[in-house]
Amino acid sequence: LALYAAKAAGKKRWRRFRPELHSRLVARHELQAGMDTAIADHAFALRYQPIVQVDDTALAGFEALIRWPHARRGMVPPDQFITLAEESGHIMPLGAWVLDHAAREISRWQRAHPRTPPLRASVNVSARQFRDPGLLDVVRRTLRSSGLAPGSLVLELTESVLMHGDVQIGTTMRALKDLGVSIAIDDFGTGFSSLSYLREFPIDLLKVDKTFIDDITTDRQQVALVEGIVRIAEVLGLQVVAEGIENEDQRALLADMGCRYGQGFLFARPLTAHQAEDFLHRAAPAPPARTARTVRAA
Ligand code: C2E
Ligand code: MG
Ligand code: MG
Ligand code: MG
């Protein structure tokens, strides 16, 4: 392994041995080498984080978040293997598994706990997966086999998908729209795309990145930015989800701004399917009582 690190660094260049870099390389290798088998064995797991209405915390849907329960490395978070899966192409079968698994599970919850409007199922789709010409078929097949209504499915894309200036992207989005599937821009505000894409592409939802929400109760500039996003979304007819809400002050402030939806540890962490059903059980059939809308001084 030390040899590998040396080779990777290049024979002619002398490089100081860095243990943390080395262990990252080892982890990378181990995960990469195990991915084929893990995909074949369906060895991945999903967590489901509730998305709620910011003003009354009524449940609106769940976002599926992948994990890799690994024999030696414990519960591996997506940040450690999604990029690898993109590089190797494993993201196509992996992404198809996520879609299928999440759609089945959430469609089952919809039938067990009917609500109006129906629970939404949000699924992250990576850039390479979105550009894959097979994606539309995967989505169609998933909708058919799970029985999930297309209107309940939200695909979350990051701005990086839009930056490629690829005609194919718009075509795929419109085909998804025609199916009735919704499109969200994830981590909104962290990319480098121009705002014009909000009109150019058929987008339904903006998920405002957690970094904008973090300081919202202490930093007036952040308040102005988020308020601006909410207003822009209003004019363009887009829904807004605030990501990473961790405390009540943030929630109340966002509710006052008119931000409709939110997600974060304040409401719930990503839950196992079992916990999500418990959550749903407590939330259904009637939406929870409205909490008094906090009036805040500016
Ligand atoms: P994301 O889609 O922006 O998901 C939100 C991330 O923020 C999740 O991390 C979630 O656990 C975390 N989070 C939610 N609320 C809070 C909060 O209040 N505080 C803090 N500190 N964190 C919060 P997670 O599950 O580790 O996922 C990380 C990223 O990995 C996701 O970011 C998404 O980009 C990617 N990802 C997850 N599942 C999938 C998948 O199935 N496919 C693809 N392509 N990417 C995925
Ligand atoms: Mg997401
Ligand atoms: Mg996000
Ligand atoms: Mg994120």
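What covers the buried residues of α6? In this predicted model, the cover includes α4 (91-112), α5 (127-131), β5 (153-158) and α8 (167-179). The residues of α6 that are buried are L135, L136, V138, V139, T142, L143 and S146. Viewed along the helix axis, these buried positions fall within an arc of 165°, so they line one face of α6. An α-helix has 3.6 residues a turn, so residues three or four places apart point the same way. Helix α6 comprises 12 residues (residues 135-146), for which a span of 16 Å is expected at 1.5 Å a residue; the end C-alpha atoms are 16 Å apart, in agreement with that value. The residue that follows α6 is G147, which has a positive phi, near 80°.

The protein chain as a whole contains 13 helices and 9 strands. Of its 298 residues, 48% count as buried. Among contacts in the protein chain with a separation of 6 or more, 69% are between residues 24 or more positions apart. The accessible surface of the protein chain amounts to about 15,400 Å², and carbon and sulfur atoms account for 54% of that surface.

In soluble globular proteins, nonpolar side chains tend to be buried together. The largest nonpolar core of the model has 82 residues, and F44 and L254 have the most contacts inside it. Helix α4 gives the most to this core, with 9 residues. Apart from this core lies another, of 7 residues, including I51, V154, V241 and Y261. When residues up to four places away in sequence are not counted, L254 touches V54, I213, I216, V226, A242, I245 and C259.

Two magnesium ions were examined next. The magnesium ion (ligand 2) is coordinated by E63 (OE), N124 (OD1), E156 (OE) and D186 (OD), at 2.0 to 2.2 Å. Along the chain, the donors of this ion are spaced as E-x60-N-x31-E-x29-D. N124 belongs to strand β4 (residues 120-124) and D186 to strand β6 (residues 182-188), so the pair ties together parts that are 62 residues apart in sequence. N124 counts as partly exposed, at 28% relative accessibility.

For the magnesium ion (ligand 3), coordination is provided by D186 (OD), D187 (OD), E243 (OE) and E243 (OE), at 2.0 to 2.6 Å. E243 is thus listed twice among the donor entries of this ion. The spacing of the donors of the magnesium ion (ligand 3) along the chain is D-D-x55-E. D186 coordinates both the magnesium ion (ligand 2) and the magnesium ion (ligand 3), and the two ions are 4.1 Å apart. The bridging residue, D186, is buried, with a relative accessible area of 7%. D187, by contrast, counts as partly exposed, at 26% relative accessibility. The cut-off between these two classes is 20% relative accessible area, under which a residue is buried.

Definitions and conventions: Residues are numbered from 1 along each chain as its sequence is written. Chains are lettered from A and ligands numbered from 1 in the order in which they are written. This is a predicted model: local features need pLDDT of at least 70, side-chain atom pairs count only at pLDDT 80 or more; totals for chains, interfaces and linings use all residues. Side-chain values use heavy atoms; hydrogens and water are left out. Donors are N, O and S atoms within 2.8 Å of the metal (3.2 Å for Na, K and Ca); water is not among the atoms, so sites may look incomplete. Buried means under 20% relative accessible area, exposed over 50%, partly exposed in between (1.4 Å probe, protein chains only). Helices (H or I, at least four residues) and strands (E, at least two) are DSSP runs, numbered from the N terminus. The expected span of a helix is 1.5 Å times one less than its number of residues. The arc is that of the directions from the helix axis to the C-beta atoms. Contact means heavy atoms within 4.5 Å. A nonpolar core is a set of buried Ala, Val, Leu, Ile, Met, Phe, Trp, Tyr and Cys residues joined through side-chain atoms within 4.5 Å. Accessible areas come from the Shrake-Rupley method with a 1.4 Å probe; for residues, only the protein chains shown count as cover.
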